[in-house]
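Reader: I'm new to looking at protein models. Could you walk me through how to read one?

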Amino acid sequence: MKLEPIVGRYLQLNQSRVYFEEAGQGIPLLCLHTAGSDGRQYRAVLNDSSITANFRVITFDMPWHGKSSPPAGWQNEDYRLTTSSYTGMIMDFVRALGLERPVVMGCSIGGRIVLDLALKHAKELRALIGLQTGAYVERYYDPSWLDHPEVHGGRASGAVAYGLMSPLSPQAEVWETAWHYMQGGPGVFTGDLYFYQIEGDIRGRIGEIDTRICPLHLLTGEYDYSASPRDTEAAAAKIKGAKMTVMKGLGHFPMSENPQAFLGYLRPVLEQIKNSG
Amino acid sequence: MIENLPRLVNEDPAIVRWGRRMNETFMVEVGDTQYLLTVRDGKLEVEKGPFAQRAWRFAIRAKREAWEKFWQKPPAPGWHDLFGLLRRGEVVFEGDQRVLMAYLMYVKLVLAAPRKA
């Protein structure tokens with residue numbers, strides 16, 4: 001038996017009931033989950049005592065995801081994430097909890113939105129960490145099949161997520177990560193992918209990011225073919241001062257598919273952020 | 001490699017369970033060689049072509065070199081998953097995509113099974 005130090009609570013925010021978890025004390029570190037999943041992806045970061053000794057690690061399930069509710073009336077609309085709704089939700093959460101100049105770390109869609117945060121909210125943030133960041137990913141499959149009455153959305157979404165992981169990652173963590181996808185509500189993964197593959201193309205704006213105001217760290221797993229190292233390199237090439245690291249042997253969900261390997265890459269970045277004040 | 005699939009799949013209950021409700025025939029093309037894979041409740045039979053007037057629900061076509069990279073142990077980044085091949089333009093999916101997507105996990109595990117050998 002082991003009782004984890006993670007504590008979960010609900011926050012009523014913008015007509016949604018938002019679930020979040022936290023552990024630790026110090027510099028706020030807000031973690032953003034991937035499309036169609038939830039905050040459990042960061043379980044290892046929240047459980048890492050070397051990080052929580054200096055950081056207050058927080059992760060919230062986006063509305064519609066995990067234990068967070070969709071807004072009232074959800075049955076009457078298609079869920080679609082957009083750049084403005086995503087950035088708005090993150091900053092509303094930061095203000096609601098009174099987080100002072102937090103570090104924000106996001107993966108995949110979260111790795112994309114940190115670029116928008118860098119453009120619009122750099123002065124309110126201490127540093128940004130993009131995992132599996134790409135400025136744009138063209139559609140190479142049709143995500144409408146993930147939201148189809150004759151295809152089990154959980155099984156199909158799980159199979160899509162499964163393939164994005166590294167064949168070298170530990171099987172238990174790989175299948176834990178796939179399970180989160182299998183639990184997603186109908187149309188939620190697809191609604192997130194609208195932002196990722198259509199609306200959230202940020203290629204034309206990232207050259208304006210000023211990393212002197214808010215440092216940007218980009219960590220990308222080499223086995224990811226959705227936001228591949230090449231995609232991250234293309235983004236980093238346009239952003240002066242962005243620091244990029246390729247994570248060997250990791251895939252699209254580094255913090256969840258192989259937590260121990262990922263923590264080896266994350267700890268030095270957090271140490272650098274802590275020491276730079 | 002494809003010829004070995006029935007043994008690799010049918011003796012592995014962890015794969016069979018993902019296709020338990022599947023009763024379909026699909027085509028896999030390895031370069032110029034065609035195979036028809038018939039699934040009955042998750043158990044697999046394989047026939048090697050050429051075929052005359054045979055029906056299938058969906059087809060997965062790739063060059064021999066692409067499949068060889070896909071079957072490496074371990075495969076290189078980007079060559080490790082069917083959708084990875086799709087993004088590279090190294091595989092083509094044809095036919096009834098609904099059936100492919102409904103059994104996607106099973107199809108992925110079946111086609112990756114040669115890596116277990």
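Reader: Okay, in chain A, among contacts between residues at least 6 apart in sequence, what percentage join residues at least 24 apart?

Author: Keep in mind that this is a predicted model. For chain A the answer is 75%.

Reader: How many of the 277 residues of chain A count as buried, as a percentage?

Author: That's 56%. For the overall form, try the radius of gyration: a compact globule with 277 residues would have a value near 19 Å, and chain A has 17 Å, which agrees. Along its principal axes, the C-alpha trace of chain A spans about 55 × 40 × 35 Å.

Reader: What helices and strands are there in chain A?

Author: You can find 10 helices and eight strands in chain A. Here's the general idea for strands: they pair in a sheet through backbone hydrogen bonds, either parallel or antiparallel. In this case, eight strands of chain A make an open sheet with mixed pairing, and the order is E1-E2-E4-E3-E5-E6-E7-E8.

Reader: Which strands stand at the edges?

Author: In chain A, those are E1 (7-13) and E8 (243-247); each has a single partner strand, so one side of each has no neighbour in the sheet. From one strand to the next, the twist averages 20 degrees.

Reader: How many bridges join E7 to E8 in chain A?

Author: Five, and the two strands run parallel; E7(A) covers residues 216-221. Pick out some pairs yourself: A:Gly221 sits opposite A:Met247 in E8(A), and A:Leu219 has A:Thr245 of E8(A) as its bridge partner. To get from E7(A) to E8(A), the chain passes through helix H8 (residues 229-238) of chain A, in a right-handed β-α-β crossover.

Reader: Now for the two chains together. How many residues does each chain bring to the contact?

Author: Generally, people often give the size of an interface as the accessible area lost when the parts come together. Here we can count residues: 18 from chain B and 20 from chain A.

Reader: Which helices of chain B each supply at least two residues of the side that touches chain A?

Author: Look for H4 (82-88), H5 (97-102) and H6 (104-112) of chain B. H4(B) gives the largest share of that side, five residues. Sorted by class, the side of chain B that touches chain A has 10 nonpolar, four polar and four charged residues.

Definitions and conventions. Residues are numbered from 1 along each chain as its sequence is written. Chains are lettered from A and ligands numbered from 1 in the order in which they are written. This is a predicted model: local features need pLDDT of at least 70, side-chain atom pairs count only at pLDDT 80 or more; totals for chains, interfaces and linings use all residues. Two residues are in contact if their C-beta atoms, placed from the backbone, lie within 7 Å. Helices (H or I, at least four residues) and strands (E, at least two) are DSSP runs, numbered from the N terminus. Ala, Val, Leu, Ile, Met, Phe, Trp, Tyr, Cys and Pro count as nonpolar, Asp, Glu, Lys and Arg as charged, and the others, Gly among them, as polar. The radius of gyration is taken over C-alpha atoms; the globule rule is 2.2 Å times the number of residues to the power 0.38. A residue is buried if 20 or more other C-beta atoms lie within 10 Å of its own, exposed if 12 or fewer, and partly exposed in between; C-beta atoms are placed from the backbone. Two strands pair if DSSP finds at least two bridges between them. Axes are lines fitted to C-alpha atoms, for helices over the stretch in contact, and angles run from 0 to 180 degrees between N-to-C directions. A crossover is right-handed if, with the strands pointing away from the viewer, the path from the first strand over the helix to the second runs clockwise.
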